[in-house]
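Please open the model in the viewer and display it as a cartoon. The tour begins at a single strand and then widens to its neighbours and to the whole chain.

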Amino acid sequence: MINRSRLGRTELMVTELGFGAMNLRGTGSFEKAYEITNKVLDAGINIIDTARAYKGECEGLILESERVVGDVIRGRTDLTEPIVIITKGHGYTIEALHSHLSESREALGITGTHDLRIGDNKVVLVYFLHGLKSDRWEIVSSSGVLDELNKIKEQGLVNFVGFSSHYPDAKEIKAAIDTGIFDVTELPYNVFNRGLGEDGEIDLLKYAFDNDVGIVNMKAFDGNGMVSAFPILKGFMNIDYPKMLNFCFSNPYIATVDAGIRFNNELDMDLAVAKSPRLNKIEIASLKKEADKVFGLTKNLCRECTHCNEKFECPQKIDFMGVLSLHSRFSLSQRFGKDSASFSAQYKSLEKSGRDCTECGECLQWCEYKLNIPKMLKNAENEMR
């Protein structure tokens, strides 16, 4: 059995291992996306994280995470409890809030109010404002959306409300918690970057916990970029994926870890860690020391979190995330004295690359990590061409 934790004031008891359905679009096929989602439910995981923006091309069609999640739940006849679904929208104004929520309910196939269902199965819907940061928080604070969130809860369109945010936005995270409106928050935290936890100006994980806001932990592996960089880094540190995950499980303020599971082997590993003993204080301190040796080398690298691609397409048709991904691997290889020639070769074969960037700056607002994408594209061109 997977341990369960209380998700703040919602009083929901959720499995400490959650299912991050963002990367269903990366499974390679609709069949595999449905298969892994069913296996997640077979394993007893009772909380799924998705979003309206989590979609992408798959087998020549658009695979929507919400639709896969909804279809799978609708097809189950063996569920003994409501599945908790977190989904997110970019509804920072009242009109957009209702539009995005309506789209999500339709895609998931949710019917009813208060007693929400997908098919014959009860579900609990936790609706998030996606990616709060300074400009978005300014709109939210003045648009009436905060009051409207309470109204949609009272109307039973959703059961609870929350928000997600990222490392640079500690001020906005605290302000959102202080409103008392949000029941749940989803925040990045891992052994390599504890900036919103114990290493921050204030420990926002503890602050949310003390305010009875349930905490969903994302980016347990430092974003997808750590996964891609791991083959290079593993020779220089005594930290593997199970240790990264257990580090987050071992934080007493985190209710559930949102693991971006795509394949059976990832699910098996995550389940094994979820059912294993938690780290003690000495083990935690040792992991932090080990992580700090390499974290500085991963700063200002693209983490391939894909958030930039959810709402934006480069006017020059540059796959800038793909370019920056290659440059990240190239840079890490060079820093660690590894062969980087293969990454240069891949870069040179790209139809569009850093040399095609006009430095228009339209991409800058979409990076959750505040990376200077045009400058990084030019660096990639200068170093890899």
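Select residues 17-20, strand β3, in this predicted model. Both faces of β3 are covered. Leu17 and Phe19 lie on one side, Gly18 and Gly20 lie on the other, and all four are buried, that is, under 20% relative accessible area.

Next, add residues 256-259, which form strand β14. The pairing of β3 with β14 is parallel and comprises three bridges. To locate the register, display Phe19 together with Ala259 of β14, which stands opposite Phe19.

Now select residues 47-49, strand β4. β4 also runs parallel to β3, and two bridges join them. Which residue of β4 is the bridge partner of Phe19? The partner is Ile48; Phe19 is thus a convenient centre for the view, with Ala259 in β14 and Ile48 in β4.

Extend the selection to residues 30-42, helix α1. Together, β3, α1 and β4 make a β-α-β unit of right-handed sense.

Finally, select the whole chain. Colouring by secondary structure shows 15 helices and 14 strands. Along the principal axes, the C-alpha atoms fill a box of roughly 60 × 50 × 45 Å. The radius of gyration is 20 Å, which agrees with the value near 21 Å for a compact globule of 385 residues. Of these 385 residues, 57% are buried. Of the contacts between residues at least 6 apart in sequence, 75% join residues at least 24 apart. With a surface representation switched on, the accessible area comes to about 16100 Å², and carbon and sulfur atoms contribute 49% of it.

Key. Residues numbered from 1 in each chain as written. Predicted model: local features only at pLDDT ≥ 70, side-chain atom pairs only at ≥ 80, totals over all residues. Heavy atoms only, no water. Buried < 20%, exposed > 50% of the residue type's maximum accessible area, 1.4 Å probe, protein only. Pairing = 2+ DSSP bridges. Right-handed = clockwise from strand over helix to strand, strands pointing away. Rg over C-alpha atoms; globule rule 2.2 N^0.38 Å. Contact = heavy atoms within 4.5 Å. Areas by Shrake-Rupley, 256 points an atom, 1.4 Å probe, with all protein chains shown as cover.
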